[in-house]
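Here's a friendly walk through one protein model. Take a moment with the sequence and the 3D view, then read on.

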Amino acid sequence: MGLSALSVAPGVVHVVADLTSDDRLLITYNEDGRVLSSRVVEGPFGLIATASRAQVLAALRVFSTSEIVMYSWRWRLRAPA
């Protein structure tokens, strides 16, 4: 199930949930909509807000209680193959 897609200029990060587990698929897209990367992360969370200039993402995590957590992020350029 698709959860959130947030702008992290110059791209987008999208979270897709596996409803049978706590796994989340994080997909990043460039400004043209091309997939740049994807990664499975184990944890019950959804991204809820971003502050692109500050490079901060807010997420709602749900374990025994719910909590809002802040993650810092940065774009990492891949080395040429």
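## Q55 and its loop

Q55 counts as partly exposed, because its relative accessibility is 31% (buried means under 20% relative accessible area, exposed over 50%, and partly exposed in between, with a 1.4 Å probe and protein chains only). You'll find Q55 in the loop between β5 and β6. Its backbone has a quirk: Q55 isn't a glycine, yet its phi is positive, at about 50 degrees.

A word on what you're looking at: this is a predicted model, where local features need pLDDT of at least 70, side-chain atom pairs count only at pLDDT 80 or more, and totals for chains, interfaces and linings use all residues. Residues are numbered from 1 along each chain as its sequence is written, and side-chain values use heavy atoms, with hydrogens and water left out.

## The overall build

How many helices and strands does the protein chain have? There are zero helices and seven strands (helices are DSSP runs of H or I with at least four residues, strands are runs of E with at least two, and both are numbered from the N terminus). Read from the N terminus on, the order is β-β-β-β-β-β-β. The radius of gyration is 13 Å, close to the 12 Å that the globule rule gives for 81 residues, so the chain is as compact as a globular protein of that length. That radius is taken over C-alpha atoms, and the globule rule is 2.2 Å times the number of residues to the power 0.38.

Along its principal axes, the C-alpha trace spans about 40 × 30 × 20 Å. Of the 81 residues, 26% count as buried. The accessible surface comes to about 5,800 Å², and 56% of that belongs to carbon and sulfur atoms (areas come from the Shrake-Rupley method with a 1.4 Å probe; for residues, only the protein chains shown count as cover).

## The nonpolar core

Which residues make up the largest nonpolar core? They are L6, V8, V13, V15, F45, L47, L57, A59, V69 and W73, ten residues in all. A core here is a set of buried Ala, Val, Leu, Ile, Met, Phe, Trp, Tyr and Cys residues joined through side-chain atoms within 4.5 Å. At least two core residues come from each of β1 (2-8), β2 (11-17), β5 (45-51) and β6.

## A greasy patch on the surface

Some nonpolar side chains sit on the outside: I48, L60, V62, I68 and M70 make a nonpolar surface patch of about 470 Å². Two elements, β6 (56-62) and β7 (66-72), give two or more residues to this patch. Patches are made of residues with over 30% relative accessible area and no salt bridge; like charges are joined within 9 Å, and nonpolar side chains (Val, Leu, Ile, Met, Phe, Trp, Tyr) within 5 Å. One patch member, L60, lies in strand β6 and is partly exposed, with a relative accessible area of 35%.

## One salt bridge, and Y71

The structure holds one salt bridge (a side-chain nitrogen of Lys or Arg within 4 Å of a carboxyl oxygen of Asp or Glu). Side chains of opposite charge can pair when their charged atoms come close. Here the partners are R61 and E67, at 2.5 Å from N to O. R61 is partly exposed at 25% relative accessibility, and E67 is partly exposed at 30%.

Y71 lies in strand β7. Leaving aside neighbours within four places in sequence, Y71 is in contact with Q55, V56, L57, A59 and R61 (contact means heavy atoms within 4.5 Å). Y71 itself is partly exposed, with a relative accessible area of 34%.

## S4, H14 and a cis bond

S4 belongs to strand β1. Is S4 buried or exposed? With a relative accessible area of 12%, S4 is buried. Not counting residues up to four places away in sequence, S4 touches V13, H14, V15, G46 and L47. H14 is found in strand β2, and its contacts beyond four places in sequence include L25, L26, I27 and Y29.

Between β1 and β2 there's a loop, and P10 is found in it. A cis peptide bond joins A9 and P10, with omega about 15 degrees. P10 is also touched by N30, a residue in the loop between β3 (23-29) and β4 (35-42). N30 is buried, at 11% relative accessible area.
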